[in-house]
Amino acid sequence: MKIFKDKKIFSSNIGRTIISLLMGFFIGALILAVAGYNPLEAYKVMFLGVFNKPKYIVQTIINSTPIIFTGISIAFAYKTGLFNIGAEGQFIIGSITAAILGYLLHLPHLIHVFLIIVVAGLAAGIWGGIAGFLKAKFDINEVITTIMLNWVAFYSLNYIVQLDSLKKPNAEATYDIQQSASIIILEVWKKSKEGINWLNEHLFFKDIFKTRMNWGILIAILIAVIASYIIRKTVLGYELRSVGHNQQAAEYGGINVSKSLVSSMMIAGGIAGIAGAIQVMGISHRISTLSVMEGYGFNGIAVGLIAGGSPIGCIFAGLLFSALNYGGGKVQYILGAPTEIIDIMVGVILLFVAVPKLIALFPRLASIFSFTKGKMGGEDNVD
């Protein structure tokens with residue numbers, strides 16, 4: 001019971017997150033056991049499914065990149081007291097922009113990549129700014145407007161894919177982007193004769209280069225650092241945090257609340273839009289018609305919550321989220337256990353992360369339990 005008496009563990013975001021993770025794994029183990037599977041064996045398979053081969057580790061990092069971006073987007077807006085449900089739509093706008101500019105433009109490599117990232121961020125920033133403007137001007141709840149904008153972006157993508165100037169013949173997708181717009185690491189070299197021969201002699205690197213390893217994770221880390229700096233060290237960040245804590249007090253203090261709301265949603269939208277651009281330039285190289293939303297923006301909500309609203313924390317939360325899902329697939333493949341168990345684990349983790357007051361009550365509940373047990377058993381205290 002000593003762990004429950006240490007109130008410092010429960011008073012910090014990191015402490016509550018760790019406790020939430022442990023609870024998620026514990027309840028996941030119970031569900032596995034009830035379903036007839038050995039929890040330790042399942043977790044071993046999950047762990048090895050991420051760390052057993054170099055390509056597994058790299059693929060986990062690749063899968064984490066878009067949700068790190070969208071997690072940062074959610075976290076940034078949250079600092080202004082806004083809930084950006086629209087990261088999914090902003091992600092789509094960024095991917096549309098990247099696919100169009102990546103195919104139609106012919107530019108030097110670095111210029112092409114930089115231009116796409118900037119324009120995709122601006123386009124998605126304007127898209128997010130619409131919700132911010134409606135919130136600031138008419139006090140329309142951003143949850144409603146961003147959900148609606150998600151669907152507008154979704155159907156816009158399906159329409160644009162069908163345009164004759166972009167649609168690839170006999171495919172429900174656009175033409176691939178130009179090679180100059182790709183951010184896959186050593187993409188041309190690893191397919192060349194020299195690259196193939198070198199990789200055949202270095203099996204460790206050959207395993208890694210089987211994936212579409214790209215520069216996206218480094219860009220995500222850079223964006224996380226910039227977002228954290230803006231929030232913590234700049235005047236803009238101070239204004240955004242002030243508005244998030246108390247709009248009335250911020251306005252009384254001379255802060256332009258309307259401007260802050262719009263700025264926050266524009267920046268958040270821009271970050272999610274860059275995620276869409278990175279996904280096109282580093283993974284898909286095109287956009288395809290969608291029957292359902294891909295979920296990068298919605299998974300970003302989970303990442304943002306697990307990170308406690310910290311942009312830097314989103315890096316680790318995104319890697320964790322990706323590892324759970326990627327390793328969970330191995331559990332299904334090897335043991336036959338349903339991957340829904342992983343979804344339940346993540347859901348439980350989110351439940352406790354999103355309800356920190358419940359975890360904060362644990363020391364008090366433990367004290368009551370100890371007092372009651374002491375009275376009933378004639379003991380003064382219980383460790």
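Colleague: Which helix does Ser73 lie in?

Modeller: In this predicted model, Ser73 belongs to helix H5, which covers residues 54-78.

Colleague: Is Ser73 buried or exposed?

Modeller: A residue is called buried when its relative accessible area is under 20%. Ser73 has a value of 0%, so Ser73 is buried.

Colleague: What does the side chain of Ser73 make a polar contact with?

Modeller: Its partner is the side chain of Asn84, at 3.0 Å. Leaving aside residues up to four places away in sequence, Ser73 also touches Ala87, Gln90, Ala268, Gly269, Ile271 and Ala272.

Colleague: Let's turn to helix H6. How many of the residues of H6 are buried?

Modeller: H6 is mostly covered, with 15 of its 18 residues buried.

Colleague: And what should the 18 residues of helix H6 span?

Modeller: The idea is to allow 1.5 Å a residue, which gives 26 Å for residues 87-104. The end C-alpha atoms of H6 are 26 Å apart, so the two values agree.

Colleague: Now for pockets. What volume does the largest pocket have?

Modeller: The largest pocket has a volume of about 420 Å³. It is lined by 20 residues, and the closest to its centre are Ile14, Ala307, Gly308, Ser310 and Gly313.

Colleague: Which elements give two or more residues to that lining?

Modeller: They are helix H3 (13-34), helix H11 (216-233) and helix H16 (311-335).

Colleague: How many residues of each class does the lining have?

Modeller: The lining of the largest pocket has 10 nonpolar residues, along with 7 polar and 3 charged ones.

Note on methods: Residues are numbered from 1 along each chain as its sequence is written. This is a predicted model: local features need pLDDT of at least 70, side-chain atom pairs count only at pLDDT 80 or more; totals for chains, interfaces and linings use all residues. Side-chain values use heavy atoms; hydrogens and water are left out. On a 1 Å grid over the protein atoms alone, a cavity is a set of points where a 1.4 Å probe fits but cannot get out, and a pocket is an open set with protein on both sides within 12 Å along at least five of seven lines; lining residues have an atom within 4 Å of a point. Grid points are joined across faces, edges and corners, and a volume is the space filled by probe spheres set on the points. Helices (H or I, at least four residues) and strands (E, at least two) are DSSP runs, numbered from the N terminus. Ala, Val, Leu, Ile, Met, Phe, Trp, Tyr, Cys and Pro count as nonpolar, Asp, Glu, Lys and Arg as charged, and the others, Gly among them, as polar. Buried means under 20% relative accessible area, exposed over 50%, partly exposed in between (1.4 Å probe, protein chains only). A polar contact is a pair of N or O atoms within 3.5 Å; within protein, one must be able to donate a hydrogen and the other to accept it, and residues adjacent in sequence count only if both atoms are side-chain atoms. Contact means heavy atoms within 4.5 Å. The expected span of a helix is 1.5 Å times one less than its number of residues.
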